[in-house]
Amino acid sequence: MIVNCVAYADGCKLPDILLEDIPALRDRSDAFVWLGLREPDEALMTRTRELFGLHELATEDAHHAHQRPKVELYGDCLFVVLRTVQMNEEGKVNFGETHLFVGPRYLVSVRHGASLPYAPVRARCESNPRLLRKGPGFVLYAILDFVVDHYFPILNTVEDAVEELEERFFAGDFNQNDLGRLYALKRDLVELRRATAPLVEVCNYLLTDVFSNHVPEDIRPYFRDVYDHALRINETVDSIREMLALALQ
């Protein structure tokens, strides 16, 4: 359930740490902790809440999942919920969730369901000490960017499937199975819309002065880039929905 427990100081990774080491590291003004969890049980979630002083309502959401993408502020802790997406070998779109707790000197990530590991995100952050010195805010951006960018290949695959079915229809090679596939794609797009539409609001909200302590001014351009990607994703979803509606008609 504990994927990683890492501390950084001055943009560099420190030797591996245990949960017991977190209180001492949180007292250091030059360091922050990134604790990564995957589907933690109630006992681990309770311990995490106590270690970081997290709000019980937010930790309850993170433990049980089934939340829509959102941003909330609990004292000095920023709570972010994201929907993640993966496509299996059969072409079915599966969804998961990532819950992020971002404080002055910590970031806790909690993953549920279909979600790619964040090892590439850690490697990306650690390869850029200059930006990693900005603290948990930069890691928040890196995770957000990673999650948003992984919608593009899923949408491209769905778009290709709709176009292929359209071509089969106009070629006269359209059967009952193809109609079932169209309706399955329609359901996937409804879920994709529910997952991606709030992303624009989340990204835009993070750019406001309300979160200036968590998103410093000098890394806001990176969040604006993610915001632009979220807009493109929603435009693509709407475009595919129009194509699918025409195909069904």
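**Exercise 1. A pair across two strands**

Which residue in S6 does Arg 83 stand opposite? Identify the partner, then describe the strands and the setting of that partner.

Solution. The model used here is predicted.

Step 1. Opposite Arg 83, in S6, stands Glu 97.

Step 2. Strand S5 covers residues 77-87 and strand S6 covers residues 93-103. These two strands pair in the antiparallel sense, over 10 bridges.

Step 3. Glu 97 belongs to strand S6. With a relative accessibility of 7%, Glu 97 counts as buried, because buried means under 20%.

Step 4. For a longer distance, take the C-alpha atoms of Glu 97 and Asp 238: they are separated by 22 Å, and the two residues are 141 residues apart along the chain.

**Exercise 2. The sheet and its edges**

Give the order of the strands in the sheet, name the edge strands, and describe the pairings made by S1.

Solution.

Step 1. The sheet is open and consists of seven strands in the order S2-S1-S3-S7-S6-S5-S4, with mixed pairing.

Step 2. Strand S2 (12-13) and strand S4 (70-74) are the edge strands, since each pairs on one side only.

Step 3. S1 pairs with strand S3 (residues 31-38) in the antiparallel sense, over seven bridges. Within this pairing, Ile 2 has Leu 37 in S3 as its bridge partner.

Step 4. S1 and S2 also run antiparallel, and two bridges join them. Here the bridge partner of Tyr 8 is Lys 13 in S2.

Step 5. Is S1 largely enclosed or largely open? Six of its eight residues are buried, so S1 is largely enclosed by the rest of the structure.

**Exercise 3. Positive phi outside glycine**

Locate Asp 10 and His 66 and state the phi value of each residue.

Solution.

Step 1. As background, most residues other than glycine have a negative phi.

Step 2. Asp 10 sits in the loop between strand S1 (2-9) and S2. The hairpin of S1 and S2 has two residues between the strands, and in this hairpin Asp 10 takes a positive phi near 55°.

Step 3. His 66, which is not a glycine, has a positive phi of about 60°. The loop that holds His 66 runs between helix H3 (56-64) and S4.

Step 4. His 66 counts as exposed because its relative accessibility is 73%, where exposed means over 50%.

**Exercise 4. Salt bridges between distant parts of the chain**

How many salt bridges does the structure hold? Describe three pairs, with distances, locations and exposure.

Solution.

Step 1. The count of salt bridges is 14.

Step 2. In one of them, Arg 47 bonds with Glu 20, with the closest N and O atoms 2.9 Å apart. This pair links distant parts of the chain: Arg 47 is in helix H2 (residues 42-52), and Glu 20, 27 residues apart from Arg 47, is in the loop between S2 and helix H1 (22-26). Arg 47 is partly exposed at 35% relative accessible area, whereas Glu 20 is exposed at 51%.

Step 3. Asp 218 forms a salt bridge with Lys 134, where the closest N and O atoms are 2.5 Å apart. Asp 218 lies in the loop between helix H8 (176-206) and helix H9 (220-248), and Lys 134 lies in the loop between helix H5 (129-132) and helix H6 (136-149); the two are 84 residues apart. Asp 218 is partly exposed, with a relative accessible area of 43%, and Lys 134 is partly exposed, with 32%.

Step 4. The salt bridge of Asp 209 with Arg 220 has its closest N and O atoms 3.3 Å apart. Asp 209 is in the loop between H8 and H9, while Arg 220 is in helix H9, 11 residues apart from Asp 209. Asp 209 counts as exposed at 62% relative accessibility, but Arg 220 is buried at 6%.

Step 5. Salt bridges also form a network that links Asp 61, Lys 70 and Glu 72.

**Exercise 5. A charged patch**

Which residues gather in a patch of negative charge on the surface? Place one of them and check its exposure.

Solution.

Step 1. The patch is made up of Asp 160, Glu 163, Glu 164 and Glu 167.

Step 2. Asp 160 is located in helix H7 (residues 151-170).

Step 3. The relative accessible area of Asp 160 is 48%, so Asp 160 is partly exposed. This value also meets the requirement for patch residues, which is over 30% relative accessible area.

Methods: Residues numbered from 1 in each chain as written. Predicted model: local features only at pLDDT ≥ 70, side-chain atom pairs only at ≥ 80, totals over all residues. Heavy atoms only, no water. Patch = residues over 30% accessible without salt bridge, like charges linked within 9 Å, V, L, I, M, F, W, Y side chains within 5 Å. Areas by Shrake-Rupley, 256 points an atom, 1.4 Å probe, with all protein chains shown as cover. Salt bridge = Lys/Arg side-chain N within 4 Å of Asp/Glu carboxyl O. Lys, Arg positive; Asp, Glu negative; His and termini not counted. Charge placed at Lys NZ, Arg CZ, Asp CG, Glu CD. Helix = DSSP H or I, 4+ residues; strand = E, 2+ residues; numbered from the N terminus. Buried < 20%, exposed > 50% of the residue type's maximum accessible area, 1.4 Å probe, protein only. Pairing = 2+ DSSP bridges.
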